[in-house]
Amino acid sequence: MRIVASKYFRYGMDDPRRDRGLREVAAALPLERILVETDAPLLAPEGYRGRRNEPAYVVKVLELVASLRAIEVEALAARLTRNFDELFGPDLSTVVEEPS
């Protein structure tokens with residue numbers, strides 16, 4: 001599969017019961033063009049189906065994409081953080097404590 005990308009692609013959870021090739025696409029996209037998200041509140045990850053989806057489940061999406069690409073979760077997380085920073089700017093990914 002050849003994919004030429006000049007934009008970013010987001011990957012959330014898919015429903016493996018309805019194979020639409022999304023996992024193959026997630027495995028083939030250029031790493032520097034991927035972002036992950038949860039599609040909250042719909043389509044919770046496997047193991048959480050039937051429950052309300054939460055933004056915290058983005059880790060499950062990250063783990064799925066890492067397994068599809070056969071890379072370490074930490075390496076993928078670092079690359080996707082860099083993608084986010086390049087798209088939105090590093091100020092948005094920095095955690096800022098609120099004054100007490």
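**Exercise 1. Find where confidence is lowest and where it is highest in the protein chain.**

Start with the two ends of the scale. Strand 1, residues 9–11, has the lowest confidence in the protein chain, at a mean of 76. Helix 3 has the highest, at 91. Keep in mind that this is a predicted model. Next, step back to the chain as a whole: its mean pLDDT is 79, and 78% of its residues reach 70 or more. Why bother checking? Where pLDDT is low, the predicted coordinates should not be read in detail.

**Exercise 2. Work out the order of the elements from the N terminus on.**

First, the tally: the protein chain has three helices and two strands. Then walk along the chain from the N terminus, and you meet β-α-β-α-α.

Now see how the chain packs. Take the contacts between residues at least 6 apart in sequence: 61% of them join residues at least 24 apart. Of the 100 residues in the protein chain, 27% are buried. Finish with the outside, where the accessible surface is about 7,000 Å² and carbon and sulfur atoms account for 54% of that.

**Exercise 3. List the residues of the largest nonpolar core, and say which helix gives the most to it.**

Step one is the list. Eleven residues make up this core: Tyr11, Ala26, Leu29, Ile34, Val61, Leu62, Leu64, Val65, Ala66, Leu76 and Leu80. Step two is to sort out the helices. Helix 2 (58–69) and helix 3 supply at least two core residues each. Helix 2 gives the most, with five residues.

For step three, zoom in on one core member, Leu76. Skip its neighbours within four places in sequence, and you find Leu76 in contact with Leu31, Leu62, Val65, Ala66 and Ile71.

**Exercise 4. Describe the aromatic pairs: how many are there, and how are the rings of Tyr48 and Tyr57 set?**

The count is two aromatic pairs. Take Tyr48 and Tyr57 to begin with: their ring centres are 4.3 Å apart and their planes make an angle of 35°, a tilted pair. The tilted label fits because stacked needs planes under 30 degrees apart and edge-to-face needs over 60. Now check how covered each partner is. Tyr57 is buried, at 15% relative accessible area, while Tyr48 is partly exposed, at 22%.

Move on to Phe84 and Phe88. This pair is tilted as well, with 4.8 Å centre to centre and 45° between the planes. What about their places in the sequence? Both sit in helix 3 (residues 73–88), and because they are four residues apart there, about one helical turn separates them. Phe84 is partly exposed at 28% relative accessibility, and Phe88 is also partly exposed, at 47%.

**Exercise 5. Track down the salt bridges: how many does a search of the whole structure find, and which residues form them?**

The search turns up three salt bridges. As background, side chains of opposite charge can pair when their charged atoms come close.

- Glu54 and Arg52: their side chains meet at 3.7 Å, N to O. Glu54 is partly exposed, with 32% relative accessible area, whereas Arg52 is exposed, with 56%.
- Lys60 and Glu63: here the N to O distance is 3.6 Å. Both residues belong to helix 2 and lie three residues apart, about one turn of the helix. Lys60 is partly exposed at 30%, and so is Glu63 at 33%.
- Glu86 and Arg79: the closest N and O atoms are 3.5 Å apart. Is Arg79 buried or exposed? With 16% relative accessibility, Arg79 counts as buried, because the cut-off is under 20%.

**Exercise 6. Look at Ala70: what is its phi, and where is its place?**

Begin with the backbone. Ala70 has a positive phi of about 55°, although it is not a glycine. To see why that catches the eye, recall that most residues other than glycine have a negative phi. Next, place the residue: Ala70 is in the loop between helix 2 and helix 3. Last, check its cover. Ala70 has a relative accessible area of 69%, and it counts as exposed because that is over 50%.

Methods: Residues are numbered from 1 along each chain as its sequence is written. This is a predicted model: local features need pLDDT of at least 70, side-chain atom pairs count only at pLDDT 80 or more; totals for chains, interfaces and linings use all residues. Side-chain values use heavy atoms; hydrogens and water are left out. Buried means under 20% relative accessible area, exposed over 50%, partly exposed in between (1.4 Å probe, protein chains only). Contact means heavy atoms within 4.5 Å. Accessible areas come from the Shrake-Rupley method with a 1.4 Å probe; for residues, only the protein chains shown count as cover. Rings of Phe, Tyr and Trp (its six-membered ring) pair if their centres lie within 6.5 Å; planes under 30 degrees apart count as stacked, over 60 as edge-to-face and the rest as tilted. A nonpolar core is a set of buried Ala, Val, Leu, Ile, Met, Phe, Trp, Tyr and Cys residues joined through side-chain atoms within 4.5 Å. pLDDT is the predictor's confidence in each residue, from 0 to 100. A salt bridge is a side-chain nitrogen of Lys or Arg within 4 Å of a carboxyl oxygen of Asp or Glu.
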